[in-house]
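The following exercises ask the reader to work through a structure step by step. Each task is followed by its solution.

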Amino acid sequence: MAANGSKEQLFAQVSSSCTGLISRIALSYEADPSLRHELIQDIMLAIWLALKNYRGDASLKTFAASIAQKRCISHVSKRAREPRQVELPTDLASAALPPDEVALRNDQKRRLVDSIQQLPIPQREAIVLCFEGFSYGEMALILGVSTNAVMLRCQRAKTTLKSIMEGR
Amino acid sequence: MTDPELQDLAELWQQPDAAEAEKFQLLARRARRRGRFLGYADWALALVLVGGSLFALLASHGPLTTFAAVGLLVATIWLTWQRRRLRQMASTLDTADRQAFIASSVRSARANLRRVTLSIIALPPLVILALLSKMAFRRGGYVSDPGPILLAWAQSTRGMISLAIFALIIAWSLRSALRIKKELRHLESLRRAYEEENEAADGESG
């Protein structure tokens, strides 16, 4: 049975604390908003199913990220067509900023998301987890590789991301 | 890319999106409801099968019975499909690393391909066999020349509707088979990508 609290409590905890994390992991794999929402629902269902095996060995955030990445890989593998290039919404940045600042941030974020979506999946997983603030140890746990391999993969991902962003 | 640059990108990446967060809560609630319901899928399937059998035993033949039978059939197929999907999802979630995860996904996809291929191969002879059995039953257990009887059935309204449904099932199965083959190709290229990544990491560390 799950380690800390009931399945319902743990699910509520994931729903409230991992909102951004799961949405952004889904965004790195799926540009189409309606397909992304289906993917998020699929991830949440998978988390619900997997929570019965959660022993508390890793943090709930690490656990959720691990499941989200796996579901996203399955989603990408099952995708019948190549991903459509969908324009991201114009209100990605905070509305609290001045309008010109908002426009600039929107453009930067759009470029960043587009570039991340072009990375090979092994590197994409690593850079997204890196951006989400996971330590190399946590990333090693999520990706099932050694800490050293994670560091090298992140380094390669940064280099590839830079070349994609500069080439745009 | 320097670390400060990376920090800037991480901040940009983590920008909160209020609309997305609201939508997320809705999707999470929907997923929890679905998860709860599917938790009872085994019981629901057993209930549908037992209830359906009892109904078939007790009810008299008529339009209502036919309607109920179709409903039960659809419910059984849907529940079986959902249970299979959940089993496959659960089996891939238990994997520790990406190689094992991809291997598990490949096994699931191959099992699906076998199932679809089998239905494509088995459906036409099974339909013909079922038709011949039905006709033989009506004619006292013997059909001397099945060709003209099958042709007459195919030209009847009921026959044409049935053939159209079977053709749709075959077309849908062929489409599924093509999609699964594409999925297997994607998984194979993913496996190669992970291998290359590992080799590159080994090369750099060694």
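**Exercise 1. State the domains of chain A and describe how they meet.**

Step 1. Domain 1 of chain A covers 1-80 and domain 2 covers 95-168; such bounds come from an automatic or database domain assignment. The model is a predicted one, in which local features need pLDDT of at least 70, side-chain atom pairs count only at pLDDT 80 or more, and totals for chains, interfaces and linings use all residues. Residues are numbered from 1 along each chain as its sequence is written, while chains are lettered from A and ligands numbered from 1 in the order in which they are written.

Step 2. Taken over C-alpha atoms, the centres of the two domains are separated by 19 Å.

Step 3. Domain 1 of chain A contributes 12 residues to the contact and domain 2 contributes 13 residues, where two residues are in contact if their C-beta atoms, placed from the backbone, lie within 7 Å.

Step 4. On the side of domain 1 that touches domain 2, the elements giving two or more residues are H2 and H4 of chain A. Helices are DSSP runs (H or I, at least four residues), as strands are (E, at least two), numbered from the N terminus. H4(A) gives the most to this side, with 6 residues.

Step 5. By class, this side of domain 1 has 8 nonpolar, 4 polar and no charged residues. Here Ala, Val, Leu, Ile, Met, Phe, Trp, Tyr, Cys and Pro count as nonpolar, Asp, Glu, Lys and Arg as charged, and the others, Gly among them, as polar.

**Exercise 2. Describe the side of chain A that touches chain B.**

Step 1. The contact joins 43 residues of chain A to 46 residues of chain B.

Step 2. Elements that give two or more residues to the side of chain A include helix H1 (7-17), helix H3 (33-50) and helix H8 (147-167) of chain A. The largest share, 9 residues, comes from H3(A).

Step 3. The side of chain A that touches chain B is made up of 23 nonpolar, 12 polar and 8 charged residues.

**Exercise 3. Which residues of H5(A) are buried, and what covers them?**

Step 1. H5(A) has 20 residues and reaches 29 Å from its first C-alpha to its last, close to the 28 Å expected; the expected span is 1.5 Å times one less than the number of residues.

Step 2. A:Leu112, A:Ser115 and A:Ile116 are the buried residues of H5(A). A residue is buried if 20 or more other C-beta atoms, placed from the backbone, lie within 10 Å of its own, exposed if 12 or fewer, and partly exposed in between.

Step 3. These residues lie on the same side of H5(A), because they cover an arc of only 100° around the axis. The arc is that of the directions from the helix axis to the C-beta atoms.

Step 4. Their cover includes H2, H6 and H8 of chain A together with helix H1 (3-13) of chain B. The face turned away from the buried side carries the exposed residues A:Pro99 and A:Asp100.

**Exercise 4. Locate A:Leu119 and explain its exposure class.**

Step 1. A:Leu119 is placed in the loop between H5 and H6 of chain A.

Step 2. A:Leu119 is partly exposed because 19 other C-beta atoms lie within 10 Å.

Step 3. Not counting residues up to four places away in sequence, A:Leu119 touches A:Arg124, A:Ile127, A:Ala157, A:Thr160 and A:Leu161.
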